[in-house]
Structure formats: C-alpha cells, structure tokens
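Grab the viewer and work through these exercises with the model open. Each one sets a task and then walks through a solution.

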Amino acid sequence: MRLTLRTLLASLDRVLPPAEQHELDAKVAGSAAAQQLAVRIRRVVEQPGIPAPRLDGRGLAADANSVAEYLDNCLDPERLETFERICLESDMHLAEVAACHEMLAGVARDPATTAPLDAAGRRKLLAALGHRSSEPGEESARREAVENARAVHAALGEAAARRERSEAGGRRAAWPAWAAALTAVALLVALGVFLVQAVGRNRTRPADARREPAVAHAPTPEPAAVEPAAVQPPPAEPLPPHAAPADAVAAVPAESAAEPPAAPPVAMIAAAPAAESPAPAAEVPPAASPPVGPPPAAAPAATPRVPQGDALAIAAPEPAAPGLPAPALPAPVAAPPAAPVAGPESLGFVDAEGLLIHRVPAEGKPTWQAVAPGSPLAAREDLVAPFGSQPDIHVRGLTIRLLPGTRVVVSAEADGSPRLEVVFGRAIVRASRSDARVGIAAAGLVGTVTAGLTGPVAVSVDLDRPPGSDPAHDPARVRASVIAVNGGIVWRQGGAGGQGVLEGIAAEGMLDARTAITWESASPGAGRAARLDPLPTWVAAPPQPDRLQRSAGEAIAARLADGGPLEQALRELAGDRRVENRLLAAATLSLLGDFDAAVELLCDEAPGRRLEQRQWTKLEADVVPLALARGANAAARLRQAFEDRGPHGKAETLFAMARGFSDDELAAGAAETLVEALDDADLVVRRYAFKCLCDIVQPTAADRLKYRPDGLPDLRREGAAWWRGQLQKGLIRRPGAA
C-alpha cells in the first residue's frame, strides 16, 4: 500500500486492517517526511486558533462537497491533485480534512452514533435549528435612533418657542428662528433616512455580507514534470538523517484557485474493521513542518489503485504488479541543494522551531554550539534548551520536547531504540507508532517505556537544596518523576545489567493515566507510584514564551546564525540595549556555567540598566538556585562572579543571602543582619535581604508592599521600621519554627 495523505490519515485514526496498519506504521517510521506530516496533522487538528473554511466557499471552484468526495474516495482524479495540494499548503484545509476523517473514523468504530433519533431527540434538534439569535447591534442601533429622534423633537420644540418669541419681538429678529427651524427639519429628515436604511440593512442583509471576500491568489508557473509519488525537499528544511531519498518532501508553489472547501456532509468511511486503538491523548503542540510538495499527474488507467485512492505519495510508489507494463515516467526535476544526509549512526534531526545548544569536542576541550534547524543529531548528543525556548527533536520515531532550562543527553540503546537521560529540567516524549519504545534515565529512575508512547510521557529532574546548606559539602536534594499523562504506559525497571531496580514498584507493569513514578535522593533505593490529580501545571499547560521572550530568542538565533563562537555572541548580547535580550542571554550563559553576565545584571544600578523588581526576581530565580544545586564547582563560580561583578567588599554577604539561612542561623543573629541590610546603600543587598525575609516569613501581599528595595528613601525607612518591629516580636522565623 502506498503511503499517501489519505492512507496516512487512515493510519493515524486506526481504521485499517491489522496487516495494512502494521505495513503503514513501518513506512511512517522509515519516512521523516511522513513523521513531520503526522506531527503537523495532530497540531492543526488540536490548535483552537485555526479557523474553519468559509461556508460560502466552493471548494475546488466546482462545488462545496470536495472534502466529502475526497474522504469517500470518489473525487474526480483530475481534481485530486489540486485538492491534496491545497490541503498540504494550507493548515486550515488540512485541519478540515483531518478533523472530518477523525470524526468519521469514530463513527465507523461506533455505529451507535448514527442510530436514528427518538422523538425527544428530534424535538430537541428542531428546537435548536429553529432558534435564531438577534443581529448583533440591532437593539443598540434602535435605542440610539430613538434617542436621536427625541433630541430632534426637543430641538424643534425649542426652535418653535424661539420663533414665537422672535415674532413677538418684531420682524427684525425673525430670521434666526427660521434658520434654526430649517436646520432642525433637515436633521430630522436625515435622521429618518438613516433610521430607515439601518433597519432595512439589519433585516435584509444576507448572512455572508459581513464576510471578507475571497482573495484570489495569483497563479504561479507550474514546475517541470515530476516523477509521480516522489517529491523533493525544500532547501530551508533539510532532510532528517534517517530519511531515504525516496521519502523526500517538496515545497509547492501557491495554487491559483485555493478557495476553502465547504464542510462536507457526514459520510461513512469505507474501511475494514479497525484494530483497537490506544486511548486518545493530549497532543503536545509541535512546531510547524514544511509543506508537502506538488502531486504527480493522474496515473494511467492501467496503474492499480490503492484501497484509499491515488493520493499524493509521501513515500516511494509500490512496484507495478507482475505482468503489467510499468508506466512511462517523465524526467524528474533536479532537486534543490539540501544539507548532507547523515549516516546510519545518526539519531534523528532537530525541528525548525526553538533554539537548541549542544556540546561538541573541539581541540580536546568540549565547547557549546547552537544547533541549526534541520540538522542531524549525532550518535550521542548533550543538549541544552535555553530559557524562553521549547525546541523539538525527532529521534527514531519519537518527538521529544524540551522545556526551557533543560539539559538532556540523547543516545541509543544496544538494540537501537532511543534513550533519553534528563540531567535537570523537564521533557515531554511522544511517538506516532504504538510499538515505539524509549529508554529513560532520570536521576535514580532508570527503565524503559515499552508501550503507550502514543500518549505523552513527561519526565522531570528537579534539583533543590535546604536553605543555609553548604554547596561544597552538602549535596542537593534530587526528585525525579516519569508521568503518564493521558494514556497508560508500560514501564520496565532497570538498565543494562539490571541496574537501577527500585523497591516499592513492580519490575514491569502498567502505569495508568495521570499517574507518576517518583524517586527522591533521600531514599535512593526506593520508588513509589502516585496518582496526580490535578496534573502539574507544566504538564497540563506547558509554559509558552511571551512576546518579549520570543523576540529575544529570535535576536539570539540571528546573532548565532553568523557562525561565531556561541559564548562570545551571548556575552555581547548580554550588553544589548534591549533588556529582554540581556536577560535571556545572561540566563542562557548561566546554563552553560558562566555566571558573570547574570551577576552583573543583578548588581547593576546604572540609569537605564537597572532591572525592575520583577525582572530581577525572575533572573535570580532562573540562575542562582540551579547554580547552587548543581554542585561545588558551579557554586564556586557563582561565588567568584559575586566577587568580580558585585559591589566591592560584599561578595560574602551576597553569597550568604543567595544560599539562604537555616533556622539555627536565624536564631544566632542572621535575622538581625537581614533587617539591617534593608538600609544598605547598595540596591542588590537590599533586594537580597528583602527576598530572604519574604522567603522566611511568607508575609501577606499587603505586608510585602510595606517595603520596596527600590523605593524612595523615606518610604524605605518606614518599611524597614515595620520589619524591625517584626524582629522585636520574634516573628522573623519560618512558619512552624520554634
């Protein structure tokens, strides 16, 4: 069976017989173009911002039933190519076809949904159809017209009274009254005309009069003839390393008549009974994939048709049946130059969205470099996702989304299946195949997800440390988790040689949806399974970068596109005039172990360079806790950055405040030190003292507003006096502490 758009939809919706389903899954796994298109289909179907095609659209300039005919495999072959080209170029039309196919697949699996309505159901449906809402603005327009009419009548009355007074006063004063009366009459006539036109327009305007007219796209010259079922990649989106040349996908020129097809009537999909599909799962919104290329010309009549119709071939065409002459094929068009395809040892490729950094050896000393979009991944990759970026990587049938501030190592198991090791941060994994598997190492959690990856699986490693602990001697507390989000997964413990088997959970078993396996460094030999209700926020709704973060990410990507040294480019951008660029560059450098730029921003008080309080708080939270928790070396570099970039002679004080204070230290005099620091001459000292006091006391929102580190001196003195009162009352302590 050929891998086409229609057969790909049938494979995704699981409406094929088991043998054909297995065959198509294998073809999808071997074709990077098909994987990208599958990811794009899931994205556009679940993206709420994509509009539906217009109700008055005529599809392929013939009728409004193009989608229904296409899904029923009865679309005219002459129109099939144009229809599929429109779908592959337009997210709106692709979402329409894919969503209709998904609904019809559900109907095919559950015939009860098409059972005739009973009497109550028919009445409810007729009542819904008979309901007609009033035109927006009609009532407000009517009220405005009435008010205007009353105002005109009042003006006429006043004009008449004025005229009477003028007549009593003589002929000399009569002309102003006549002028006012004529003006009022003219206003009344104009208002009447306006009212009649407005009411007529609201009642008789057709439903589609408020719609924007369809825009006709200018036709572009057709390219030279292309070999059917084999299309080439665009130069901006190089092929992933594991894709064969026959599986390439091409960019297509815009089609001239691409009016949206109208929503088709409900029609059953002709398909054999489908194999049982896994439970539906929430899609992680992936990055946009490149458009799929121009379709081939209609096949000759002697060419056999696939069960789902002759559609755009995503993979190579099937060989001709024995005994049938192979059709003559036109000469292929020369493909545009593409990036070199990596060898078989490559793991996968990087998506076009989001900034990604990897560690590479250079003259015996590893360095960090940016990964270009579409680049192949080596056999082992040490990757970092900067703050403000959520890059996707595609690894042998898996899509792995890295959340901001995450470091992972991606490699392959002995059997060739992918392996994901999360050093710190969070990642979300999903596969397009039901038989996909992935090895996972998250601190003390080591094992393999052997089934269920069609639903998202979230992996996290969080580093924490008790306040006041010494990073040089006290290791950080580590908590790791593997979460089955919407569908159940099968988890098998242990890695190579049986290492990493924990007590408290089965060696291999089913992990239900909304359930997590967790591990903590406090009990390194044990794990536990826990129900999560609700899911963590970062799983249920992954944070999205705001407009300023996206702008800063684009600025960094543009700077790194020059090919210069990564860390040098980030240091230059840390001095940029735009504050969002400085913040993102400094936070990214801190992930790579360089804290100078971040500490300089935290301590800078120069006009135009000083951070606002919320910006300071965000940068400190992104940089300092992780630096202290990563170990003695990172903590020592942070301490040295305070010495080099901070106020003179106050590095020890700032580093102590960054570490925090234990209850014993607070009782031994640290509380008095913090309150006195509220009057310090340096802003960064005041900010750190206030942060520590709030972390310890957890005051109410109203009490937090009593002091502002960057406020006016008089207001700061009043706020510091309030904190001294809290100190005298013995309230500078953690809730529940003695």
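**Exercise 1: an aromatic partner in α19**

Phe690 has 11% relative accessibility, so Phe690 counts as buried (buried means under 20% relative accessible area, exposed over 50%, partly exposed in between, with a 1.4 Å probe and protein chains only). Before going on, note that this is a predicted model: local features need pLDDT of at least 70, side-chain atom pairs count only at pLDDT 80 or more, and totals for chains, interfaces and linings use all residues. Residues are numbered from 1 along each chain as its sequence is written, and side-chain values use heavy atoms, with hydrogens and water left out.

Task: work out the aromatic pairs, starting with Trp616 and Tyr688.

Step 1. Fix the rule: rings of Phe, Tyr and Trp (its six-membered ring) pair if their centres lie within 6.5 Å; planes under 30 degrees apart are stacked, over 60 edge-to-face, and the rest tilted. That gives five aromatic pairs.

Step 2. Trp616 and Tyr688 sit 5.2 Å centre to centre with 80 degrees between the planes, an edge-to-face pair. Trp616 is in helix α15 and Tyr688 in helix α19, so this pair ties together parts 72 residues apart in sequence. Helices here are DSSP runs (H or I, at least four residues), as are strands (E, at least two), numbered from the N terminus. Both Trp616 and Tyr688 are buried.

Step 3. Now Phe690 and Tyr707: the ring centres are 5.5 Å apart and the planes at 45 degrees, so call this pair tilted. Phe690 lies in helix α19 and Tyr707 in the loop between α20 (701–704) and α21 (713–728), so the pair links parts 17 residues apart in sequence. With 1% relative accessibility, Tyr707 counts as buried.

Step 4. Look for a cluster: Trp616, Phe642 and Tyr688 form one.

**Exercise 2: the core**

Task: find which residues touch the most other members of the largest nonpolar core.

Step 1. A nonpolar core is a set of buried Ala, Val, Leu, Ile, Met, Phe, Trp, Tyr and Cys residues joined through side-chain atoms within 4.5 Å.

Step 2. The largest one has 70 residues, and Leu638, Phe642, Met657, Leu674, Tyr688 and Trp723 touch the most other members. Its largest share, 10 residues, comes from α19.

Step 3. Zoom in on Met657: not counting residues up to four places away in sequence, Met657 touches Leu674, Ala677, Val685, Tyr688, Ala689 and Cys692 (contact means heavy atoms within 4.5 Å).

Step 4. Don't miss the second, separate core of 40 residues, whose members include Leu420, Val422, Val459 and Val478.

**Exercise 3: a covered helix**

Task: say how many residues of α14 are buried, and what they pack against.

Step 1. Six of the eight residues in α14 (596–603) are buried, so to speak mostly covered. They are Ala597, Ala598, Val599, Leu601, Leu602 and Cys603.

Step 2. These buried residues pack against α13 (579–591), α15 (613–629), α16 (632–645), α17 (651–659) and α19 (683–697).

**Exercise 4: one threonine**

Task: place Thr515 and list its polar contacts.

Step 1. Thr515 belongs to strand β15 (residues 515–520), and its relative accessible area of 11% makes it buried.

Step 2. A polar contact is a pair of N or O atoms within 3.5 Å; within protein, one must be able to donate a hydrogen and the other to accept it, and residues adjacent in sequence count only if both atoms are side-chain atoms. The Thr515 side chain reaches the backbone oxygen of Asp512 at 3.2 Å, and a polar atom of that side chain lies 3.3 Å from the backbone oxygen of Ala513.
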